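Colleague: I am new to this protein, and I would like to go through the words used for it one at a time. Could you set each value beside its definition as we go?

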Amino acid sequence: MKPDATDSQPKPGLRERKQERIRATLIAEAMRLFSAQGYDQTTVDEIADAADISRRTLFRMFKTKGDIVLAWTKGMTQSLSDALASCPVDMHPADAMMHAFTSLVPRIAKNRQDTYAFVFLIEKTPSLQTVSLQKYGKWEDCLAEGLAKRIADRKNRRNAARLMARSGIAIFRTALDEWIRLKGRPALVPLLEKTYDLQSSLWPRHVEAASIATP
């Protein structure tokens, strides 16, 4: 019997596991401080103290505070990609994409209050606009790649996947804008679904006859 490919991969050693725990703690504490007292108002020393590490150790892992936030967003990108990949192969690509977005929401934070704080931080902090744009760029790439595998083989498959990914991100961002306007009072997932339905209603019905799920 052939050994499983994953069995042949070396497992991380004690040092690597310890570094990963420190890194995860640092990111979590930084995000907590950023959302509680503001990104610009939070100092590197405060983050290091909260994570129980030295300033030097922090800078070995991250060059800037923005890099810490970017690392957090990379975790969200992976969760989005995994959620899309987990959908049944016969699910319509658009439904699979929206499932990925709704599955992402509870992964942002443990409760609605913290989720709102994180969303407001990323979306509305001027100093983090570059990070936010990088995040959405990565989301677009991972969604387009995953959706292309779900669209039947046809001439415009890659363009269709890219267009769908960008449309999905527009839906997500529009829902976030409305959620922030409402100060996080309603649940985010129903608001996201409502925004998706609104977008769908804006397109002519004859588009349905040319479903991207068929050749």
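Modeller: Let us begin with one pair of helices: α1 and helix α6 (residues 112-124) pack at an angle of about 80°, and their axes are 9 Å apart. This is a predicted model, in which local features need pLDDT of at least 70 and side-chain atom pairs count only at pLDDT 80 or more, while totals for chains, interfaces and linings use all residues. Residues are numbered from 1 along each chain as its sequence is written, and side-chain values use heavy atoms, with hydrogens and water left out.

Colleague: What makes α1 roughly perpendicular to α6?

Modeller: Angles from 65 to 115 degrees count as roughly perpendicular, those under 35 as roughly parallel, those over 145 as roughly antiparallel and the rest as oblique. The angle here is about 80°, and therefore α1 is called roughly perpendicular to α6. Axes are lines fitted to C-alpha atoms, for helices over the stretch in contact, and angles run from 0 to 180 degrees between N-to-C directions.

Colleague: Which residues make the contact of α1 with α6?

Modeller: Met 31, Arg 32, Phe 34 and Ser 35 of α1 meet Ala 117, Phe 118, Leu 121 and Ile 122 of α6, where contact means heavy atoms within 4.5 Å.

Colleague: How do you know what counts as a helix, and how many helices are there in the protein?

Modeller: Helices (H or I, at least four residues) and strands (E, at least two) are DSSP runs, numbered from the N terminus. By that rule there are nine helices and zero strands in the protein.

Colleague: Why are α7 and α8 called oblique to each other?

Modeller: The axes of helix α7 (residues 129-148) and helix α8 (residues 157-181) come within 8 Å and cross at roughly 135°, and α7 and α8 are therefore oblique to each other. Among the residues that meet there are Leu 133, Tyr 136 and Trp 139 in α7 and Ile 169, Phe 172 and Leu 176 in α8.

Colleague: What is the angle between α4 and α5, and why is α4 called oblique to α5?

Modeller: Helix α4 (residues 65-85) and helix α5 (residues 93-108) pack at an angle of about 140°, with their axes 8 Å apart, and that makes α4 oblique to α5. The contact includes Trp 72, Met 76 and Leu 80 of α4 together with Phe 101 and Leu 104 of α5.

Colleague: Thr 77 is found in helix α4 as well; is Thr 77 buried or exposed?

Modeller: Buried means under 20% relative accessible area, exposed over 50% and partly exposed in between, with a 1.4 Å probe and protein chains only. Thr 77 has 13% relative accessibility, so Thr 77 counts as buried. Leaving aside residues up to four places away in sequence, Thr 77 touches Lys 138, Trp 139 and Cys 142.

Colleague: What makes Ala 24 partly exposed?

Modeller: Ala 24, which lies in helix α1 (residues 14-37), has 41% relative accessibility and therefore counts as partly exposed. Ala 24 and Ala 51 are 27 residues apart in sequence and 9.4 Å apart in space, C-alpha to C-alpha.

Colleague: Where do Cys 87 and Cys 142 fall on that scale, and how many disulfides does the structure hold?

Modeller: Cys 87 counts as buried because its relative accessibility is 6%, and Cys 142 also counts as buried, at 14%. A disulfide is a pair of cysteine sulfur atoms within 2.5 Å, and the structure holds zero disulfides.
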